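Subject: Structure handover

Hi,

Here is the structure for you to look over. My notes on its surface and pockets follow below.

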Amino acid sequence: LAAWTVDLLGVNSRGLQDIYIPMLIVALVASSWTAYIMNSENDALVCSETANMQDAFTLLVTALSFVLVFRLNRSATRHYEARQLCGWMMIHCRNLAMSSIASLHDQPVFRDR
């Protein structure tokens, strides 16, 4: 149970090192903008600044969505390729079993061992 829990909740070999820094930057920017907007005195300046940031955010979300789509497409391709290979392996195992049954003696003592 302990090994299963470590594997399930562990962060090793999960690719988190690739997204740690970008997610940290996003969290820091979101926190700082939230603090700035909540403590801002000038509402007109905040509205113009948030409109500019919304355009940049829209561009960023579009780029990230394309990256996500391409990664999902690649992972789906790998999944279907793995399913195909597993199917071929099952076919070969079935053929091996049928060939071994056919090549064994006709006596049930040798065949059913």
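Start with Leu24. In this predicted model, Leu24 is partly exposed, with a relative accessible area of 37%. That label applies because the value falls between the 20% limit for buried and the 50% limit for exposed. Leu24 sits in helix H2, which covers residues 16-38.

Leu24 also belongs to a nonpolar patch on the surface. Its partners there are Tyr20, Ile21, Ile25, Leu28 and Val29. The patch has an area of about 580 Å².

Now the pockets. The largest pocket holds about 340 Å³ of space. It is lined by 13 residues, and Val29, Trp33, Met53, Phe57 and Leu60 are the closest to its centre. Two elements give two or more residues to this lining: H2 and helix H3 (43-103). H3 gives the most, with 8 residues. What is the lining made of: how many nonpolar, polar and charged residues? There are 11 nonpolar residues, 2 polar and no charged.

Val29 is worth finding on screen. It is part of the surface patch, and it is also among the residues closest to the centre of the largest pocket.

The second largest pocket has a volume of about 160 Å³. Its lining consists of Asp18, Ile19, Leu64, Val67, Leu68 and Arg71. H2 and H3 each supply at least two of these residues. Again H3 gives the most, here with 4 residues. This lining divides into 4 nonpolar residues, no polar and 2 charged.

Best wishes

Methods:
Residues are numbered from 1 along each chain as its sequence is written. This is a predicted model: local features need pLDDT of at least 70, side-chain atom pairs count only at pLDDT 80 or more; totals for chains, interfaces and linings use all residues. Side-chain values use heavy atoms; hydrogens and water are left out. Patches are made of residues with over 30% relative accessible area and no salt bridge: like charges are joined within 9 Å, nonpolar side chains (Val, Leu, Ile, Met, Phe, Trp, Tyr) within 5 Å. Accessible areas come from the Shrake-Rupley method with a 1.4 Å probe; for residues, only the protein chains shown count as cover. A salt bridge is a side-chain nitrogen of Lys or Arg within 4 Å of a carboxyl oxygen of Asp or Glu. Buried means under 20% relative accessible area, exposed over 50%, partly exposed in between (1.4 Å probe, protein chains only). On a 1 Å grid over the protein atoms alone, a cavity is a set of points where a 1.4 Å probe fits but cannot get out, and a pocket is an open set with protein on both sides within 12 Å along at least five of seven lines; lining residues have an atom within 4 Å of a point. Grid points are joined across faces, edges and corners, and a volume is the space filled by probe spheres set on the points. Ala, Val, Leu, Ile, Met, Phe, Trp, Tyr, Cys and Pro count as nonpolar, Asp, Glu, Lys and Arg as charged, and the others, Gly among them, as polar.
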